[in-house]
Amino acid sequence: MADTADAPAAVNGGSLLDSTKTGAAAAFDSVTNGPVAQNVKDHSAKASAELSNLAASRKTPTNPAATGQPLTHYHSFFSELLSWKNPRASAIAYASIVSLIFAARYLDVIRWAFKLSWMALAVTVSAEAAGKLVLSHGLATQMRPRRYYTVSRATLDSMIGDVHELVNFFVIEGQRILFAENLGASAAACVAAFISYYLVKLVPYWGLAVIGTTVAFFVPLIYTTNQELIDHHLKNASDAIGAQTAQVRSVAQKQADHLATVGKQYAGDYTGKVQEMLRGRSASPTAPTKAAPVPAAKQPVFPVPPTEEPKKQTIPEPEPVVPAAAPVSEPLGEVPADPVAAAEKEPLVAL
């Protein structure tokens with residue numbers, strides 16, 4: 001009776017285990033082969049294909065620089081990356097760069113590298129020492145590869161060549177921007193440098209790096225998705241600027257023509273005057289130029305010396321002036337005769 005009772009229990013237990021296995025297999029199959037898993041597989045395959053296309057785009061461009069020098073294959077690589085022709089590869093590159101910036105900012109990577117180094121060395125040294133003490137042969141020796149890994153010369157040359165091309169990419173692009181080979185790119189770099197000059201006072205360097213990376217990746221994406229609208233507005237702005245430039249050019253040309261006409265007129269007038277002066281000089285006889293008379297120095301005036309003997313000259317004596325006699329009211333006595341007679345003979349002078 002006990003055997004017959006245990007048999008159905010064993011059958012039930014086996015069926016339960018089988019059903020569990022069957023359910024787990026079905027669930028695993030639904031997860032691995034379901035729509036979600038299939039969607040993930042599709043996106044993974046597309047991302048892998050786009051990454052392969054991006055890696056294959058590293059070719060030297062056919063258009064050289066303005067100086068005739070060939071560009072590097074990184075020019076076509078970054079052009080393909082930032083144009084979002086392979087959107088999954090561009091998104092992965094953007095996420096990787098931003099993640100590296102945040103990791104360098106918030107994670108102490110160098111300290112963690114030292115910690116990982118001493119922990120790995122401690123494990124290998126302990127395993128080797130314990131193995132030699134217990135088993136007479138080290139455990140690390142058993143895990144040692146038969147041949148140490150090395151970097152082949154071809155791989156090293158390829159890496160050096162890529163680094164060389166990458167350095168030349170930045171050097172050439174810096175010179176092309178500086179010497180305005182592409183006016184739009186140089187103007188954009190000028191605006192970016194101007195904004196960064198003021199943002200660096202407010203934003204840390206890692207934040208500035210995140211902003212620069214975001215702008216570099218998403219500005220081309222915005223342009224490609226709204227290309228018609230942006231091109232239309234750019235054309236309107238270009239037409240307006242061209243009209244204003246043409247108007248300024250026409251006004252400047254009129255002013256230049258007016259100045260040229262006035263200059264020719266003045267030049268003709270002065271040329272005629274000069275010719276008249278030259279003709280007048282050629283018509284008049286050439287006479288020796290006389291020196292202007294120099295006024296003689298003023299000599300002092302001296303009296304002329306006499307040339308004849310002096311003669312005796314009689315100087316008449318001045319006649320005595322007799323005052324008029326006062327009226328006589330009464331006789332004053334006797335007057336001598338001579339003076340009276342002389343008075344009668346000489347004329348009287350009235351005072």
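# Group meeting: a walk through an all-helix model

Let me start with one residue, S52: its relative accessible area is 44%, which makes S52 partly exposed. You will find S52 in helix α2. Before I go on, please keep in mind that this is a predicted model. So far so good; here is what S52 sits across from. Its C-alpha atom is 9.0 Å from that of A89, although 37 residues separate S52 and A89 in sequence.

Now let me step back for the overall picture. The protein has eleven helices and zero strands, so the pattern along the sequence reads α-α-α-α-α-α-α-α-α-α-α. There are 351 residues, and 11% of the residues count as buried. As for the contacts with a separation of 6 or more, 54% come from residues 24 or more positions apart.

Back to A89, because that residue leads us to helix α4. Helix α4 covers residues 87–106, which is 20 residues, and at 1.5 Å a residue these should span 28 Å. The end C-alpha atoms are indeed 28 Å apart, so expectation and model agree. Which residues of α4 are buried? They are A89, S90, A93, Y94, V98 and I101. These residues take up an arc of only 160° around the axis, and therefore they lie on the same side of α4. What covers them includes α2 (35–56), α3 (73–82) and α9 (205–225).

Let me zoom in on one of those, S90, in helix α4. S90 counts as buried, at 1% relative accessibility. Setting aside residues up to four places away in sequence, S90 touches L81, W84 and F217.

W84 deserves a moment too. Where is W84 found? W84 is in the loop between α3 and α4. W84 is buried as well, with 14% relative accessibility. The backbone is worth a look here: W84 has a positive phi of about 60°, although W84 is not a glycine.

There is another residue of that kind, A180, in the loop between α7 and α8. A180 is not a glycine either, and its phi is positive at about 55°. Is A180 buried or partly exposed? With a relative accessible area of 40%, A180 is partly exposed.

Going back to helix α3, let me show you F77, which has its place there. F77 has a relative accessible area of 17%, and the cut-off for buried is under 20%, so F77 counts as buried. Apart from residues up to four places away in sequence, F77 touches L54, S57 and R58. If you like C-alpha distances, F77 and T60 are 17 residues apart along the chain, and their C-alpha atoms are separated by 9.2 Å.

Next stop, helix α5. This helix runs over residues 109–134, so 26 residues, and reaches 37 Å from its first C-alpha to its last, close to the 38 Å expected at 1.5 Å a residue. Its buried residues are A127, E128 and G131, and they pack against α6 (139–143). After α5 comes S136, with a positive phi near 65°.

E128 is the one I would click on. This glutamate lies in helix α5, and at a relative accessible area of 16% E128 is buried. What does E128 contact, leaving aside its neighbours within four places in sequence? The contacts are G138, L139, A140 and T141. With A140 we can be more specific: a polar atom of the E128 side chain lies 3.1 Å from the backbone nitrogen of A140.

Last topic, the empty space. Rolling a probe the size of a water molecule over the atoms shows where such space is left. The largest pocket has a volume of about 1500 Å³. Its lining comprises 36 residues, and those that lie nearest its centre are L82, E173, I177, A185 and A216. Helices α3, α7 (153–178), α8 (183–199) and α9 each supply at least two residues of the lining. Which helix gives the most to that lining? That is α9, with ten residues. You have met α9 already, among the elements that cover the buried residues of α4.

That's my tour, thanks for listening!

Key: Residues are numbered from 1 along each chain as its sequence is written. This is a predicted model: local features need pLDDT of at least 70, side-chain atom pairs count only at pLDDT 80 or more; totals for chains, interfaces and linings use all residues. Side-chain values use heavy atoms; hydrogens and water are left out. Helices (H or I, at least four residues) and strands (E, at least two) are DSSP runs, numbered from the N terminus. The expected span of a helix is 1.5 Å times one less than its number of residues. Buried means under 20% relative accessible area, exposed over 50%, partly exposed in between (1.4 Å probe, protein chains only). The arc is that of the directions from the helix axis to the C-beta atoms. Contact means heavy atoms within 4.5 Å. A polar contact is a pair of N or O atoms within 3.5 Å; within protein, one must be able to donate a hydrogen and the other to accept it, and residues adjacent in sequence count only if both atoms are side-chain atoms. On a 1 Å grid over the protein atoms alone, a cavity is a set of points where a 1.4 Å probe fits but cannot get out, and a pocket is an open set with protein on both sides within 12 Å along at least five of seven lines; lining residues have an atom within 4 Å of a point. Grid points are joined across faces, edges and corners, and a volume is the space filled by probe spheres set on the points.
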